[in-house]
Amino acid sequence: MIGAALRRTLITAAGVVVAVLIAFAVSSIAIRVAGADPFAAIAAMFDFGVRPIDQVDSVTYWINRSVALFIAGLAVAVGFRMNLFNIGVEGQYRMAALVSAFVGGQVLLPAPIHLTVIIVVAMAAGGLYALVPALLKVYRGVNEVISTIMLNFVAIGLAAYLVRGPFSGRREAGRLATATPELPPSGHFPDANFLITMFGLPAPRGAGLYGFIGVALVAGLVIWLLLERTRFGFEVKASGMNSDAAVASGVDPRRMVISAMVLSGMVAGLIGLPEIMGRNHNYGTSFTAGLGFLGIAVALLGRNKPVGIALAALLFGFLDRAGTPLQFDGIPPAVVEIIQGTIVLMVVIVNEVTRRIVLRWEERRAAARLGEVPAGAAA
Amino acid sequence: MLRIRFGKPALGALAGALLLAISACGGGGGGGGDAANTGASGSGAATSDLKVGLAFDIGGRGDKSFNDSAYAGLMRAKDELKAEVKDLSPVGDGSNRGELLRRLAGAGFNPIIGVGFAYAGDVETVAKEYPDVQFAIVDAPSSGPNVTGLTFAEHEGSYLAGVAAALKSKSGHLGFVGGVESDLIRKFEAGFVKGAKDTKPDIKIDSKYLTPDGDFKGFKAPDKGKTAAEKMFEDGADIVYHAAGDSGLGVFQAAAAAGAGKWAIGVDSDQAQTVKDAALQKIIMTSMIKRVDNGVFEFVKSAQGGAKGGKTISYDLKLEGVGLATTGDHISDVQDKVDEAKKKIISGEIKVPDKP
């Protein structure tokens, strides 16, 4: 059995690698059409700068970007595990970011408590916003895809109103950007620059390496334990694979929908926090939107498993960072978007192919076993 | 209970991919449209030591409006000052604005220009990290000793557009299409409405914003611009002014489709020249030009001369920072009235509000 599991994992991993390679090949055509040399483009993607400080800055941006993508992928994956399509991660994380930034800016507490308050508020806001489509689905049969997409629009509009209305902070004269009040220093998440400086490298400039990476890793671990090592996780998976069988074996589908959706929303609440607690210190015009949608791609690429999602987030983060050096070499940054899109498509195709290969292989093995047993009984 | 089941993982994955595609179309997909012409920039014939870096905001080059005006200023610096120039665009969600500025500074570019008020925070941070590099920010005030703010009196220019539109309108009904309901775009609306009402107090003006503040799609959605303007033309408006970046193209298309006697007013660049389609050029009555190109060029030139930042330059009517384009001679019959209003604004006789 262990051999079979290992083999399946290997085939899956090989499939992803093949998908990435095919995607690069397809993108080469696009790069060629855009009038650039594909090999130069791929080389440019690995250009992290010349001086150590530039390299440190580049790697820091890469990891910081991946942290947010990882959390976004996790949030989406929790729903995907039981075939719940939470497209509303986008709206949930925006509402959570806005509310937690505002609440965090209103209180003055000792740093550890202040940080905890912001995180808890964000998770609560995200979870509550995800509760709406969960209740609609359970009690009124509303498809969660429709309701979450619609609630995204509500969230965007509501956030725009709140940030310029009741939640708006003081603005310097002439500044056109709107934002919530600034978080006091106790609400700033300390950076994790020591992870870089301990190798004798210079500290990254700007906001530094997000200390929130620790929270993200803990969240990944907790989700993994919850999904793989608890009864709840088993019920989530069972409901996803065959809801009728799950119901027959005593799983309450209403409870499952609500808890999986709310959990997904709670994780979604964390997506905006590295930026708010670690860099901007408020929610405003320059807040990064769209991570909820990218999370869908990351979860898909990572096959809804925390380790896979982490790798997928690193890949997407790497590609996003590559857009800048590509432009320095005169290659349009749209190339990055093409590569990302092709990778996701290829992964979907390769997933199906590997699934069929594994299935056929297991059928053959089962058939061989069945062939053996009667032969042994007859002897 | 769960009626809709996606039994097989592959089917689920496919559905997810489809949804992703949908969201990507509507969402941060920006920047893709001008893939073909972005590559052309870069290694110019540099003969002086001047290296000018410019970072666009989401949407970036190719909007035939605001960003292209900044790009025109950069190109002028390249030609006239023999500068080596580099322009960069951020990823679709704009999360790497600071990273772009840092890369430019790290590669030895000085001066560096951030285009758009969303750069305010990042320019402030990066300018502190590179105190020897001169920065400029378009549409925001200075935020440090090496930061020059380049702001524009959009409300004053829009006032003139309002005067011209009110005089030219036969139906007494105008329209305004704003891209994103931010305080910046509200300045355009405020000036336009005031100018029109001061000229004809009983005029009717429909205003519509494509997306709420914080959702930058409104600058990149010609389809939404078209729908909004179509509605206004159907309701009886005969001139629609847009301040919607790339989405303005949809406003022009709606005006062209609405038939004879319907006009659109362009924004930021002289759009009767920058828009390539001849059928659309014909219906652009005038454009409220915002001379971002001049602002960018003058900043580069003064930085070359050793000027330091720390100040905000406000390009208003007096400095010719804003004004109306005359391409096509559609407003020559009301030019006197427009010039009169311009004089009154400069003299302070007319105060133009910057909020609706």
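Where do Asp183(B) and Arg186(B) lie, and how many residues apart are they? The close-up views below start with that pair and then visit other spots in this predicted model.

**Figure 1. Asp183(B) and Arg186(B) pair up within one helix.** Both residues belong to helix H7 of chain B, which covers residues 183-199. They sit three residues apart, about one turn of the helix. Their side chains form a salt bridge, with 3.6 Å from N to O. Is Asp183(B) buried or exposed? Its relative accessibility is 9%, so Asp183(B) counts as buried. If you enjoy counting such pairs, the structure as a whole contains 33 salt bridges over all chains.

**Figure 2. Lys220(B) and Asp246(B) form a salt bridge.** Here the N to O distance is 3.2 Å. The two partners come from distant parts of the chain, 26 residues apart. Look for Lys220(B) in the loop between strand E7 (204-211) and helix H8 (222-234) of chain B. Asp246(B) is found in the loop between strand E8 (239-243) and helix H9 (248-257) of chain B. Lys220(B) is partly exposed, at 27% relative accessibility, whereas Asp246(B) is buried, with a relative accessible area of 16%.

**Figure 3. Salt bridges with shared partners build a network.** Which residues are joined in it? The members are Arg164(A), Glu181(B), Asp183(B), Arg186(B) and Asp213(B). You have already met two of them, Asp183(B) and Arg186(B), whose side chains meet in a salt bridge.

**Figure 4. Asp47(A) and Arg103(B) meet in a salt bridge.** The distance from N to O is 3.8 Å, between the two side chains. This pair crosses between chains. On one side, Asp47(A) lies in the loop between helix H2 (38-45) and helix H3 (52-80) of chain A. On the other, Arg103(B) is part of helix H4 (residues 97-106) of chain B. Which partner is buried, and which is partly exposed? Asp47(A) is partly exposed, with a relative accessible area of 29%. Arg103(B) has a relative accessible area of 13%; this is under 20%, so Arg103(B) is buried.

**Figure 5. Gln92(A) is a buried residue in a helix.** Its home is helix H4 of chain A, residues 89-106. With a relative accessibility of 1%, Gln92(A) counts as buried. Which residues does Gln92(A) touch, if we leave out those up to four places away in sequence? They are Asn86(A), Gly126(A), Tyr129(A), Ala130(A), Gly265(A) and Ala268(A).

**Figure 6. Two domains of chain B touch each other.** Domain 1 takes in residues 42-152 + 293-315, and domain 2 takes in 154-290 + 326-347. Their centres, taken over C-alpha atoms, are 28 Å apart. At the interface, 11 residues of domain 1 are in contact with 16 residues of domain 2. Together the two domains of chain B bury about 1200 Å² between them, with 57% of that area on carbon and sulfur atoms. How many salt bridges are counted between these domains? The count is one salt bridge. Seven residue pairs are in polar contact across this interface. On the side of domain 1 that touches domain 2, four residues are nonpolar, four are polar and three are charged.

**Figure 7. Asp139(B) and Lys290(B) meet in a salt bridge.** Their side chains come together at 3.0 Å, N to O.

Methods
Residues are numbered from 1 along each chain as its sequence is written. Chains are lettered from A and ligands numbered from 1 in the order in which they are written. This is a predicted model: local features need pLDDT of at least 70, side-chain atom pairs count only at pLDDT 80 or more; totals for chains, interfaces and linings use all residues. Side-chain values use heavy atoms; hydrogens and water are left out. A salt bridge is a side-chain nitrogen of Lys or Arg within 4 Å of a carboxyl oxygen of Asp or Glu. Helices (H or I, at least four residues) and strands (E, at least two) are DSSP runs, numbered from the N terminus. Buried means under 20% relative accessible area, exposed over 50%, partly exposed in between (1.4 Å probe, protein chains only). Contact means heavy atoms within 4.5 Å. Domain bounds come from an automatic or database domain assignment. Buried area is the accessible area (1.4 Å probe) that two parts lose on being put together, summed over both. A polar contact is a pair of N or O atoms within 3.5 Å; within protein, one must be able to donate a hydrogen and the other to accept it, and residues adjacent in sequence count only if both atoms are side-chain atoms. Ala, Val, Leu, Ile, Met, Phe, Trp, Tyr, Cys and Pro count as nonpolar, Asp, Glu, Lys and Arg as charged, and the others, Gly among them, as polar.
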